[in-house]
Amino acid sequence: MAASRHSLVGIVFTCWVLWLRSGRCSERSGEERGAGGEADRGACGCTTSRASGGEAVAHKYSREANVFHQPEDGPGRAKAKEEGRQMAFIPGGVFTMGTDEPAIPQDGEWPSRRVRIDPFFMDRYEVSNAEFEKFVNATGYLTEAERFGDSFVFEGMLSEEVKTGIHQAVAVAPWWLPVKGANWKHPEGPDSSITYRMDQPVLHVSWNDAVAFCTWAGKRLPTEAEWEYSCRGGLENRLFPWGNKLHPNGQHYANIWQGEFPVNNTGEDGYKGTAPVTAFPPNGYGLYNIVGNAWEWTSDWWGVNHSADATYNPKGPPTGTDRVKKGGSYMCHKSYCYRYRCAARSQNTPDSSASNLGFRCAADSLPDYLK
């Protein structure tokens, strides 16, 4: 009887220890999932399911992954407020906008002028396919390219089958072709997919599409002045977000065209198409791919006449036919497109959804779900 009692005590003690270990595992797994990492088999022997690549990316940039929970007592305390934040704080200040040595005079890059900017927040990354998909799934939104039924795509990105059905081109840029069925889900036409590009920037997005997304996310598009101030990353009178050399120490800092445009892209930077939104080093404000990769919409109407007088939080002309885009793209080469400089700018109609148009959002204060 005594032996049976000792056995019973042993069983109870063993269960109690296992229960404690299970509790520790649950807390640990919760922390790992909250940090956006893929929880695997931990030291305590528990196993959590590993998300698929697309699901992991979607979670990383989702609202849920950025919700800040108040710290708790004990080992299950939530992560610090600054960790994993998807928006960078851009301190207010004065900078020199534009340039007195415009590379493309017709773009209205000049004259240089002193501009004061209030503090604001800017997305660290271009909006990814995964993030845009969450927006579409939540709202049922249909982009303008989907409604129009086509969009323009660079010829070198198309399959031979798609090209055989195209008999038009842009007169001044014959490498841009109208492709039926090209949209954000099918960037190079109906025989293409974003399945393995969920961490790359969404493309074929019009200005109206970008505004719809930013509004849904509790944000807005940045003004051109805010975008350029952010691009410079605290540097003054520099061509690029990192300095004046395109390839400092032989390193690539942006996804643009290498080789002879438009016939041969060597892909020396590692990418012939778009790159993940997290690729390449960030600038001084922690912003990734602020030049190259995808063109980025701003909120301003297009205009080419600027005063040299100092201004405060300027916006473009109140009306117009086009909107300002910044940042260049993976299709830019100095021989024809030198717009991956911070001062560079270009124009597009608000409903344009040419293949390499994307965006990132700004905000005057962090949305509630990011606080």
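**Exercise 1. Find how many disulfides the structure holds, and name the cysteines in them.**

Solution. Searching the whole structure turns up three disulfides. The model is a predicted one. The criterion is a pair of cysteine sulfur atoms within 2.5 Å.

- Step 1: the sulfur atoms of cysteine 214 and cysteine 361 lie 2.1 Å apart, and the two form a disulfide.
- Step 2: cysteine 231 is joined to cysteine 342, with an S to S distance of 2.2 Å.
- Step 3: cysteine 332 pairs with cysteine 337, their sulfur atoms being 2.1 Å apart.

**Exercise 2. Determine the handedness of the link of cysteine 214 and cysteine 361, and state where in the chain each partner sits.**

Solution. Begin with the torsion about the S-S bond: at -90°, the link of cysteine 214 and cysteine 361 is left-handed. Next, place the partners. Cysteine 214 belongs to helix H7 (residues 207-216), while cysteine 361 is in the loop between strand E13 (357-358) and strand E14 (362-363). The two cysteines are 147 residues apart, and the pair links distant parts of the chain.

**Exercise 3. Do the same for the disulfide of cysteine 231 and cysteine 342.**

Solution. The torsion about this S-S bond is about -75°, so the disulfide is left-handed. Cysteine 231 lies in helix H8 (residues 224-232), and cysteine 342 is found in the loop between strand E11 (323-326) and strand E12 (346-348). The pair therefore ties together parts that are 111 residues apart in sequence.

**Exercise 4. Decide whether the cysteines of the disulfides are buried or exposed.**

Solution. The cut-off for buried is under 20% relative accessible area.

- Step 1: cysteine 214 has a relative accessible area of 0%, so cysteine 214 is buried.
- Step 2: cysteine 361 is also at 0% relative accessibility and therefore counts as buried.
- Step 3: cysteine 231 and cysteine 342 are both buried.
- Step 4: cysteine 332 and cysteine 337 are both buried.

**Exercise 5. Describe the largest pocket: its space, its lining and the character of that lining.**

Solution. Take the space first: the largest pocket holds about 680 Å³. Then count the lining, which consists of 29 residues. Trp176, Lys325, Gln347, Asn348 and Ala354 are the lining residues nearest the centre of the pocket. Among the elements that contribute, strand E5 (150-154) and E12 each supply at least two residues of this lining. Finally, sort the lining residues by type: 15 are nonpolar, nine polar and five charged.

Key. Residues numbered from 1 in each chain as written. Predicted model: local features only at pLDDT ≥ 70, side-chain atom pairs only at ≥ 80, totals over all residues. Heavy atoms only, no water. Helix = DSSP H or I, 4+ residues; strand = E, 2+ residues; numbered from the N terminus. Buried < 20%, exposed > 50% of the residue type's maximum accessible area, 1.4 Å probe, protein only. 1 Å grid on protein atoms, 1.4 Å probe; cavity = no way out; pocket = protein on both sides within 12 Å on 5 of 7 lines; lining within 4 Å. Points joined across faces, edges and corners; volume = space filled by probe spheres on them. Nonpolar A, V, L, I, M, F, W, Y, C, P; charged D, E, K, R; others polar.
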